[in-house]
Amino acid sequence: MFWVLLLLLAWAFAGTACTRLCLAAVRAAAADSARPDAGTGTSTHREHDLTLYEAAFLSGGPRRVADVTMVSMARQRRLLLAHTGWATVVDPRGRDEMERSVIGAIGPEGQSRIAPVRAAAAGAEAVRRLADGLVRAGLAVPDGARTTVADGVRQVRAAALAVCALGLTALLLPAPTGLPRPLVALWFALPLTLTLSCLVIARAEVHPYSRWASPAGQRLLGALNRGRAGDGDERTFLTSVAVRGVRAIGEPELRAAFTHRDRPGRE
């Protein structure tokens with residue numbers, strides 16, 4: 001009856017993950033309904049026009065802010081991003097705090113690998129102030145509450161895979177199970193159904209999932225996406241990078257600068 005232990009383990013994975021997802025969804029809904037302007041037709045959030053940096057943070061966090069800053073500077077020929085993974089300062093005068101953070105991260109020599117620049121710029125004080133402002137506005141998730149719906153969905157997906165693996169293991173056991181194999185599979189189908197049902201409900205009720213944006217922030221991002229449809233200017237390009245990341249970059253050389261990886265033993 002070893003398969004029963006595997007079944008109990010499957011239920012433990014499924015039950016724990018689904019409970020965490022439900023609690024995260026309840027907390028997100030409670031935080032959204034607790035806003036002073038919730039339920040009114042004149043939400044201050046709707047009046048908030050997201051800046052490029054705010055959209056980047058809500059979509060991908062601090063690293064996305066660093067990415068869009070570097071891409072913006074590169075498009076203006078004030079920063080050279082080589083496909084070999086190096087960043088070179090062309091114009092040392094940053095036009096805002098984010099650009100000055102990137103230039104400072106590159107260092108006095110004016111040249112550095114892109115990866116450490118991204119990491120240093122993402123942790124700069126300017127990004128922290130941006131995050132604090134978005135949290136105060138109710139658009140971003142606070143640091144202490146980052147176990148969000150997105151994390152819960154990932155845990156439920158992992159639980160579904162674990163249930164499948166445990167069920168397959170039970171079916172392949174060489175020892176007699178005491179039950180027909182189809183009936184054993186049916187027992188494992190129950191926790192699998194629970195996890196898949198939670199994923200379907202989450203997809204219908206709380207999608208898109210976000211680690212960084214609150215429900216109000218997600219709505220603003222959705223409006224931002226609709227507002228830029230059909231445009232083709234520079235602002236639209238940078239907004240695409242802010243929302244989708246470096247994969248939105250259509251220029252192969254520039255995209256390669258962010259995806260470049262050194263070979264072992266090579267500088």
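## Overall fold

The protein chain holds 11 helices and 3 strands. The model is predicted. In sequence order, the elements of the chain run α-α-α-β-β-α-β-α-α-α-α-α-α-α.

The chain has 267 residues, and 43% of them count as buried. About 14,400 Å² of the protein chain is exposed, with carbon and sulfur atoms supplying 60% of that area. Take the contacts between residues at least 6 apart in sequence: 69% of them join residues at least 24 apart.

## Helix 3 against helix 4

Two packed helices are described by the angle between their axes and the distance between the axes. Helix 3 spans residues 62–75, and helix 4 spans residues 97–106. Their axes come within 10 Å and cross at roughly 90°. Helix 3 is therefore roughly perpendicular to helix 4.

Helix 3 brings Val65, Thr69, Met70 and Met73 to this contact. Helix 4 answers with Met98, Glu99, Val102 and Ile103. By class, the contact counts 6 nonpolar residues, 1 polar and 1 charged.

## The sheet

The 3 strands make an open sheet. Their order is 1-2-3, and the pairing is antiparallel. Strand 1 (79–81) and strand 3 (111–113) are the edges. Each has a single partner strand, so one side of each lacks a neighbour in the sheet. On average, neighbouring strands are turned by 20° against each other, direction ignored.

Strand 2 covers residues 86–89 and is joined to strand 3 by 3 bridges. These two strands run antiparallel. Trp86 has Arg113 of strand 3 as its bridge partner. Helix 3 packs on the sheet and touches strand 1 and strand 2. The direction of helix 3 makes about 105° with that of strand 1.

## Leu52 and its surroundings

Leu52 lies in helix 2, which spans residues 52–60. Is Leu52 buried or exposed? Its relative accessibility is 12%, so Leu52 counts as buried; the cut-off for buried is under 20%.

Which residues are in contact with Leu52, leaving aside neighbours within four places in sequence? They are Val68, Arg235, Leu238, Thr239 and Ala242. Leu238 sits 186 residues from Leu52 along the chain. The C-alpha atoms of Leu52 and Leu238 are separated by 7.5 Å.

How values were computed
Residues numbered from 1 in each chain as written. Predicted model: local features only at pLDDT ≥ 70, side-chain atom pairs only at ≥ 80, totals over all residues. Heavy atoms only, no water. Helix = DSSP H or I, 4+ residues; strand = E, 2+ residues; numbered from the N terminus. Buried < 20%, exposed > 50% of the residue type's maximum accessible area, 1.4 Å probe, protein only. Contact = heavy atoms within 4.5 Å. Areas by Shrake-Rupley, 256 points an atom, 1.4 Å probe, with all protein chains shown as cover. Axes fitted to C-alpha atoms, helices over the stretch in contact; angles between N-to-C directions. Parallel < 35°, antiparallel > 145°, perpendicular 65-115°, else oblique. Nonpolar A, V, L, I, M, F, W, Y, C, P; charged D, E, K, R; others polar. Pairing = 2+ DSSP bridges.
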